[in-house]
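Q: I'm new to reading protein models, and I'd like a close look at the side chains in this one, especially the ring-bearing ones. Please take me through what they do, one step after another.

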Amino acid sequence: FFFQAEDGIRDHCVTGVQTCALPICTLQQLFREAHGCTPMQWVRRRRLQRALQRLKHPRPGDTVTSIRQAAGFFSAATFNREFQREFGCSPSSLLRR
C-alpha cells in the first residue's frame with residue numbers, strides 16, 4: 001500500500017491517501033522513514049524541482065507565472081518565498097539567465 005501511495009503522489013502530486021488503504025498517520029510515518037519528510041513536504045519539493053527544471057530550460061513563451069502554475073503553485077508570493085528558500089535565488093533571476 002505504501003508504494004502505491006508513493007506512486008500516486010509522485011505521478012499526480014496528490015496526497016496519496018485516496019490511492020491506498022493506509023491511515024494517514026501510518027502513511028506519514030512511513031514517508032518520514034523513507035524520505036525524511038511528510039508527504040506534503042515531498043510534494044512541495046517535487047513541485048519546486050519541476051519548476052527549477054522548467055526555469056533552467058524554458059520553452060518558448062514560458063514565463064515565471066506559466067511555470068509556477070504548471071508546477072502547481074497558484075500563489076505567486078508562496079512560490080517565490082518557497083523557491084528562494086529552497087534554491088537561494090528568485091525564479092525570475094533564474095529565468096533571465
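A: Let's begin with the cysteines: searching the whole structure turns up 0 disulfides (a disulfide being two cysteine sulfur atoms within 2.5 Å). Keep in mind that this is a predicted model, where local features need pLDDT of at least 70 and side-chain atom pairs pLDDT 80 or more, while totals for chains, interfaces and linings use all residues. Residues are numbered from 1 along each chain as its sequence is written, and side-chain values use heavy atoms, leaving out hydrogens and water.

Look at Cys-25 and you'll see an exposed residue, with a relative accessible area of 54%. Cys-37, on the other hand, is buried, at 0% relative accessibility. Those words have cut-offs: buried is under 20% relative accessible area, exposed is over 50%, and partly exposed is in between, using a 1.4 Å probe and protein chains only. Gln-29 falls in that middle group, partly exposed at 48%. You'll find Gln-29 in helix α2, residues 24–35; from its C-alpha to that of Pro-39 it is 9.4 Å in space, with their positions 10 residues apart in sequence.

Helix α2 belongs to a set of 6 helices, with 0 strands in the protein, so named by DSSP runs (H or I, at least four residues, for helices; E, at least two, for strands) numbered from the N terminus. Of the protein's 97 residues, 34% are buried.

Now for the rings. The whole structure holds 4 aromatic pairs. One of them is Phe-79 with Phe-83, a tilted pair with 5.6 Å from centre to centre and 45° between the planes. Rings of Phe, Tyr and Trp (its six-membered ring) pair if their centres lie within 6.5 Å; planes under 30 degrees apart are stacked, over 60 edge-to-face, and the rest tilted. Both Phe-79 and Phe-83 sit in helix α5, residues 76–87, and being 4 residues apart puts them about one turn of the helix from each other. Both are buried, too. Together with Phe-73 and Phe-87, they form one aromatic cluster.

One more ring to find: Trp-42. The charged end of Arg-46 sits over the ring of Trp-42, 5.4 Å from its centre. To count, NZ of Lys or CZ of Arg must be within 6 Å of the ring centre and within 35 degrees of the ring normal.
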